[in-house]
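Open the model in your viewer and keep the selection tool ready. The tour moves from stop to stop, and each stop says what to pick next.

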Amino acid sequence: MSYLDYEKAKKAGEKAMKTAVSAGKSPNPAILDEVLTGASIRGEVSLGLVTIPLDRVIGTANAGRASSFSYNFMPILEKETEFAQKWVSLCDAHMSEGIHDPIKVYEYLNYYYVVEGNKRVSVLKYFDAVSIPAMVTRKIPVKTDDPQIRIYYEYMDFFRKTGVNFIWFSKEGNFQKLLEETGTDMTAPELTWNDEQIQNLTSAYYKFSRAYEEKGGKKLDTITTGDAFLALINVYDYEHVLTMTGAEIKDALKKMWDEFLMMNQIQEVEVTLDPPETRKNLLTRVLGADLNRSKPLRVAFFYDRDPSASDWLYGHELGRNHIKEVFGDKISTLKITTADTEEKTVEAMKELIEKEGTEVLFTTTIQQIDASLKVAVAYPDVKVLNCSLNTNHRYIRTYYARLYEAKFLSGMLAGILTKTNRIGYLADYPIYGMTANINAFAIGARMVNPEVEVHLKWTTKKNDVSQEALYEGFYKKGIDYISDQDMITPRHASRKFGMYRLTDKQPVNVAMPVVNWGVIYEKLINMILDGAWEKTEAPEDKAVNYWWGLSSGVIDVILSEKVPQGTARLIEVMKQMIIKEGFSPFTGELKDQDGTVRCGQGETLSIDEIIKMDWLLDNVTGEIPDAESLKEKARTVVELKGVRKDEDEDSGNS
């Protein structure tokens, strides 16, 4: 019987080799000696006896035995050979009593290369075994900025805390996220998981991986099973996933499949720069948008605190009041001001959907993304939108203002008005879009004044001087104009907003970039009422982000009467160029602080490059802070949408 198994295994090996050759890949197992060519190894460490996942065993330590197997470790030698006889003997032993003797392997980047025991690996892979005991020696690469190396250093820390080696991620930060989801002590330097915790994760992960593979997960080649598993527990919560049956996991996979398809794409986000055209016929104008609606559209806004206490939320609350006036009895709106945790947000959203029949949910902060996604998956007929940029989730849409266009114009104004050629810029969160605002301001200033310098400070850095001290420091440096926060609330009245001239007394306001959230919400509601929402549905592998600017009327720059008339006319001309001709500030040669050319002559940065900009222009003095240097609340935001990752600490050698 075992010779029949050998024949089946050999045929599988031959088929695998043909498939590999046709795809331009090596038909045999990887050879560690070749993999390490050119690699810098910091050292080796023995991990002792470890149960390793067979799907991570991909090669041999040297070329000696590689030619006996296909790349999937199925045998390819004839059955008359001594090799075949030994394989058959191992097959008999496995079927009668199992293979228990450990093999010997090297581990490199969480892949395993066999030193002794190739045939044992082959037999167990043939029988679809999940794991095998092994004596493991880890080869540790020198830490570099290579993404795979950085992920591997994350993995080593994860392995130290959990003892788990069967899960792998394609993106940096995911091992950290899994630790957070499972409630692991993040500060513990050594193993913190017990046998029960390991078994719980093992059971849930392999239950999921079987269902994921049956659904076609292996065809999604740019994400790992671990990436998909993390997305699942992000929506359904880890403790709940541990209790899910196989049927429940399959049902969850069906609901989330578009999310996985989107994750599999390298370019996930479909950025819409202008609202779609809506119907403008006579009946629509006279009677309202959706003639078939028999009741008002129910819309809810979610705030993590009282909007009057937050400059950011106050603008959104003005927007809510705006759509109440515009749409009248065609919509009904309400607000929730206690959505300060994910649990409270999810609970409030579900209650409004189930008890009030709410159809549209606006979550107004980046921190509410996960809650938005959970509810959107659970209630696919409800429209859920989150105010953020570059959010790659299929089941929610996001909206944001293209404020860098207004910052470019206010930068021009500052460059014209400055007497010292030194301008200040106060920023808060180093997140997607913020760096574009800073650089656009600097580009505008230099366009009219080649000598100008922009001095950047961040108001959210911890252990930093007070905001008043920042102003005093600016004044002492001869900085005469400052770009500051773009909105104030009645509770926190101040003249330090927009762009103003700094004096030893009260600041003199000269310009204010404005985000009209009311117009944004009006256009979004119109899309829903008019049927344009469905028409703007992106392909199944894309997320939808609305990023509207001057051309949509959602942002503007208000100039003070103190601005000279000729200067105001120039700013207006440039504004119209952006609106009508699509002029982009990020056109022509742009160099960063290191002198690296980021945009060449005659070129224009793409939308994706603008959104993800993680560098500062060469006339900007300052830096983009990492998350660790920020206050706690700011750090949370940056961990979700920061343009720059933390500089990881050296994770050691085990």
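Select helix 13 (residues 342-356) and helix 14 (residues 369-378). From helix 13, the residues Glu342, Thr345, Val346, Met349, Lys350 and Ile353 meet Asp370, Ala371, Ser372, Lys374 and Val375 of helix 14. Contact here means heavy atoms within 4.5 Å. By class, this contact has five nonpolar, two polar and four charged residues. Ala, Val, Leu, Ile, Met, Phe, Trp, Tyr, Cys and Pro count as nonpolar, Asp, Glu, Lys and Arg as charged, and the others, Gly among them, as polar. The axes of helix 13 and helix 14 come within 9 Å and cross at roughly 35 degrees. Axes are lines fitted to C-alpha atoms, for helices over the stretch in contact, with angles from 0 to 180 degrees between N-to-C directions. Helix 13 passes helix 14 in a right-handed crossing (the near helix is turned clockwise from the far one by less than a right angle; anticlockwise would be left-handed).

A word on the model. It is predicted, so local features need pLDDT of at least 70 and side-chain atom pairs count only at pLDDT 80 or more, while totals for chains, interfaces and linings use all residues. Residues are numbered from 1 along each chain as its sequence is written, and side-chain values use heavy atoms, with hydrogens and water left out. Helices (H or I, at least four residues) and strands (E, at least two) are DSSP runs, numbered from the N terminus.

Keep helix 14 and add helix 8 (residues 225-236). At what angle do helix 8 and helix 14 pack? The angle is about 90 degrees, with the axes 8 Å apart. Helix 8 and helix 14 are therefore roughly perpendicular to each other (65 to 115 degrees). Show side chains: Asn234, Val235 and Tyr236 in helix 8 meet Asp370, Leu373, Lys374 and Val377 in helix 14. These contact residues divide into four nonpolar, one polar and two charged. Asp370 and Lys374 appear in the contact with helix 8 and also in the contact with helix 13.

Next, salt bridges. The count comes to 28, each a side-chain nitrogen of Lys or Arg within 4 Å of a carboxyl oxygen of Asp or Glu. Four places to visit:

- Pick Lys476 and Glu472. Their side chains meet at 3.1 Å, N to O. Both lie in helix 17 (residues 467-476), four residues apart, about one turn of the helix. Lys476 is exposed at 66% relative accessible area, and Glu472 is partly exposed at 45%. Exposed means over 50%, buried under 20%, partly exposed in between (1.4 Å probe, protein chains only).
- Pick Lys575 and Asp556. The closest N and O atoms are 3.0 Å apart. Lys575 lies in helix 20 (residues 565-581) and Asp556 in strand 19 (residues 555-559), so the pair ties together parts that are 19 residues apart in sequence. Lys575 is buried at 13%, whereas Asp556 is partly exposed at 30%.
- Pick Arg598 and Asp592. Here the closest N and O atoms are 2.9 Å apart. Arg598 is partly exposed at 37%; Asp592 is buried at 4%.
- Pick Lys10, Glu14 and Glu78. A network of salt bridges links them.

Now check two backbone angles. Most residues other than glycine have a negative phi. Select Phe73, in the loop between strand 3 (57-60) and helix 3 (82-96). Its phi is positive, near 70 degrees. Is Phe73 buried or exposed? Phe73 is buried, at 0% relative accessibility. Then jump to Asn390, in the loop between strand 11 (383-387) and strand 12 (397-401). Phi of Asn390 is also positive, near 60 degrees. Asn390 counts as buried at 9%.

Go to Ala30 in strand 1 (residues 30-31). Ala30 is partly exposed, at 26%. Beyond neighbours within four places in sequence, Ala30 is in contact with Val35, Ile58, Gly59, Thr60 and Tyr113. Draw a distance from Ala30 to Glu405: their C-alpha atoms are separated by 51 Å, across 375 residues of chain.

Zoom out to finish. The chain has 22 helices and 22 strands. Its C-alpha trace spans about 95 × 60 × 45 Å along the principal axes. Buried residues make up 51% of the 654. Among contacts between residues at least 6 apart in sequence, 73% join residues at least 24 apart.

Conventions. Angles under 35 degrees count as roughly parallel, over 145 as roughly antiparallel, 65 to 115 as roughly perpendicular and the rest as oblique.
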